[in-house]
Amino acid sequence: PIPEVLARPLYVEWIGLGWLLDALLELVIRPLSGVLFPEQDQGEGLDWRHGLLVGYSATTSCPNATRHALDVHTDDSEITMTVSLGRQYTGGTVVFRGLRGACSLEDAPAVEYQPEVGRAVLHPGRTFHEVSPVTSGQRFALVLWARSLRGVRGRQCPCCWMNNRDASADASDCICGPAWN
């Protein structure tokens, strides 16, 4: 059985698997993202990672997976990799939409992806996405965020970068704007 500790996201570092995150960043995410999404780290390279295990279930009584679905959101990463793990389930489709700051959520076409156990998907962290309700069984995933701390994160306000806002644009609603400083 899956440990009860997965009742909420479990940070991979906590269970001594930081080496796995390092290997995935070095051997999978960096090479693929450099080819597929070179604009996301602006050529500076991904130099930081964070990983967690998440669980979804059709019922809220499951002690190992308390999420049922996940609302539309973006990740705090330049690149996100999600690996589908173990168990049979139905539902739990990932719906991708446009990039945050590049188009409105309403205008972005929806692209659905049904995760398959043992397969991974890589996408820019700024991509709007959601997980539809799991209708039976349990869905587990390893989620890995990769960032460019020496690159884009060191040069630009994270809020402006996340919203694809030019440095000369109005940042009045941003933490770097005059309302916050």
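**Cores, salt bridges and a nonpolar patch**

Leaving aside residues up to four places away in sequence, I29 touches L24, G34, L46, I79, M81, L122, L144 and A146. The model is a predicted one, and I29 is a handy way into it. Apart from that set of neighbours lies another matter, the core that I29 belongs to: the largest nonpolar core has 16 residues, and I29 is listed among those with the most contacts inside it, along with L46, I79, M81, L122, L142 and A146. Two or more residues of this core come from each of α1, β4 (79–85) and β10 (134–147). The biggest giver is α1, with 4 residues. A second core sits apart from this one; it has 12 residues, including L52, Y89, V94 and A141. As a general backdrop, nonpolar side chains in soluble globular proteins tend to be buried together.

Zooming out, the protein has 3 helices and 10 strands. Read from the N terminus, the elements go β-α-β-β-β-β-β-β-β-β-β-α-α. Of the 181 residues, 43% are buried. Sequence-distant contacts feature heavily: taking contacts between residues at least 6 apart in sequence, 78% join residues at least 24 apart. The accessible surface adds up to about 9,600 Å², and carbon and sulfur atoms account for 57% of that.

Next come the charged pairs. The structure holds 7 salt bridges. One of them links E26 and R30, whose closest N and O atoms are 2.1 Å apart. Both residues belong to helix α1, and because they are 4 residues apart there, about one helical turn separates them. E26 has a relative accessible area of 44%, which makes this residue partly exposed, and R30 is partly exposed too, at 31%.

The pair formed by R97 and E130 spans more of the chain. Their side chains meet in a salt bridge, at 3.1 Å from N to O. R97 is in strand β6 (residues 94–99) and E130 in strand β9 (residues 127–131), so this bridge ties together parts that are 33 residues apart in sequence. R97 counts as partly exposed, with 26% relative accessibility.

R119 and E116 make a further salt bridge, with 3.9 Å between the closest N and O atoms; the cut-off for such a pair is 4 Å. Here R119 is partly exposed at 49% relative accessible area, and E116 is partly exposed at 43%. Elsewhere, E13, D22 and R49 are joined up in a network of salt bridges.

Finally, there is some nonpolar surface to look at. Y11, W14 and I15 make a nonpolar patch of about 350 Å². W14 is exposed, at 62% relative accessibility, whereas Y11 is partly exposed at 33%. I15 is partly exposed as well, at 41%, and is found in the loop between β1 (10–11) and α1 (18–36). Two members of the patch also have rings that pair up. The count of aromatic pairs comes to 1. In that pair, the ring centres of Y11 and W14 are 4.7 Å apart and the planes are at 75°, so the arrangement is edge-to-face.

Key: Residues numbered from 1 in each chain as written. Predicted model: local features only at pLDDT ≥ 70, side-chain atom pairs only at ≥ 80, totals over all residues. Heavy atoms only, no water. Patch = residues over 30% accessible without salt bridge, like charges linked within 9 Å, V, L, I, M, F, W, Y side chains within 5 Å. Areas by Shrake-Rupley, 256 points an atom, 1.4 Å probe, with all protein chains shown as cover. Buried < 20%, exposed > 50% of the residue type's maximum accessible area, 1.4 Å probe, protein only. Phe/Tyr/Trp six-rings, centres within 6.5 Å; stacked < 30°, edge-to-face > 60°. Core = buried A, V, L, I, M, F, W, Y, C linked by side-chain atoms within 4.5 Å. Contact = heavy atoms within 4.5 Å.
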